[in-house]
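Hi there,

Here is the structure I promised to pass along, with my notes underneath. Have a look at it first, then read on whenever you have a quiet moment.

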Amino acid sequence: QVQLVESGGGLVQAGGSLRLSCAASGRTGSTNAMGWFRQAPGKEREFVAAISWSAGSTSTADSVKGRFTISRDNAKNTVYLQMNSVKPEDTAVYYCAVLLWGSRTYDYWGQGTQVTVSS
């Protein structure tokens, strides 16, 4: 089992910045990658960004490319999402997730943290 706890969400004005954190605990030794997803009211959950745990290679959704950056601290088992130049359409509940080696879909999910961007 892997437990994930997100933090850092809140209310921010458009054009501002926010940094989300996700701390993993438990059986983290089989982590292949960690990702951030978001779900806005009335919409499906969508991919935001992901990072491979060993190599640190990243993937970012086109909607946030150039504004959001994912990073990790292996020693702390923590992944971050730096959100810059936020827009009202970035308002959503943000979830982090863990992809284990050998899995095709993300295996564990956090409880989510609310991000609200005011115009």
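**Overall picture**

Of the 119 residues in the protein, 44% are buried. Please keep in mind as you read that this is a predicted model.

The fold is built from strands: there are 11 of them and zero helices. Following the sequence from start to end, the pattern reads β-β-β-β-β-β-β-β-β-β-β. The radius of gyration is 13 Å, close to the 14 Å that the globule rule gives for 119 residues, so the protein is as compact as a globular protein of that length. The C-alpha trace spans about 40 × 25 × 25 Å along its principal axes.

Two further numbers may be handy. Among contacts between residues at least 6 apart in sequence, 52% join residues at least 24 apart. The accessible surface comes to about 6,200 Å², and 46% of that belongs to carbon and sulfur atoms.

**The nonpolar core**

In soluble globular proteins, nonpolar side chains tend to be buried together. Here, the largest nonpolar core holds 29 residues, and Trp36, Leu81 and Tyr94 are the ones that touch the most other members. Several strands supply at least two residues each to this core, including β1 (2–7), β3 (18–26), β4 (31–39) and β11 (113–118). The strand that gives the most is β9, with five residues.

Tyr94 is a good place to zoom in. Leaving aside neighbours within four places in sequence, Tyr94 is in contact with a long list of residues, among them Trp36 and Leu81. Also on that list are Glu6, Leu20, Phe37, Arg38, Val48, Phe68, Met83, Gly112, Thr113 and Val115.

**The disulfide**

How many disulfides does the count come to? It comes to one, formed by Cys22 and Cys96, with their sulfur atoms 1.9 Å apart. Cys22 sits in strand β3 and Cys96 in strand β9, so the pair ties together parts that are 74 residues apart in sequence. The torsion about the S-S bond of Cys22 and Cys96 is about 45°, so this disulfide is right-handed. As for their surroundings, both Cys22 and Cys96 are buried.

If you open the model, you could begin with Tyr94 and its contacts, then move on to the Cys22 and Cys96 pair.

Happy to talk it over any time.

Best wishes

Methods
Residues numbered from 1 in each chain as written. Predicted model: local features only at pLDDT ≥ 70, side-chain atom pairs only at ≥ 80, totals over all residues. Heavy atoms only, no water. Core = buried A, V, L, I, M, F, W, Y, C linked by side-chain atoms within 4.5 Å. Buried < 20%, exposed > 50% of the residue type's maximum accessible area, 1.4 Å probe, protein only. Helix = DSSP H or I, 4+ residues; strand = E, 2+ residues; numbered from the N terminus. Contact = heavy atoms within 4.5 Å. Disulfide = S-S within 2.5 Å. Rg over C-alpha atoms; globule rule 2.2 N^0.38 Å. Areas by Shrake-Rupley, 256 points an atom, 1.4 Å probe, with all protein chains shown as cover.
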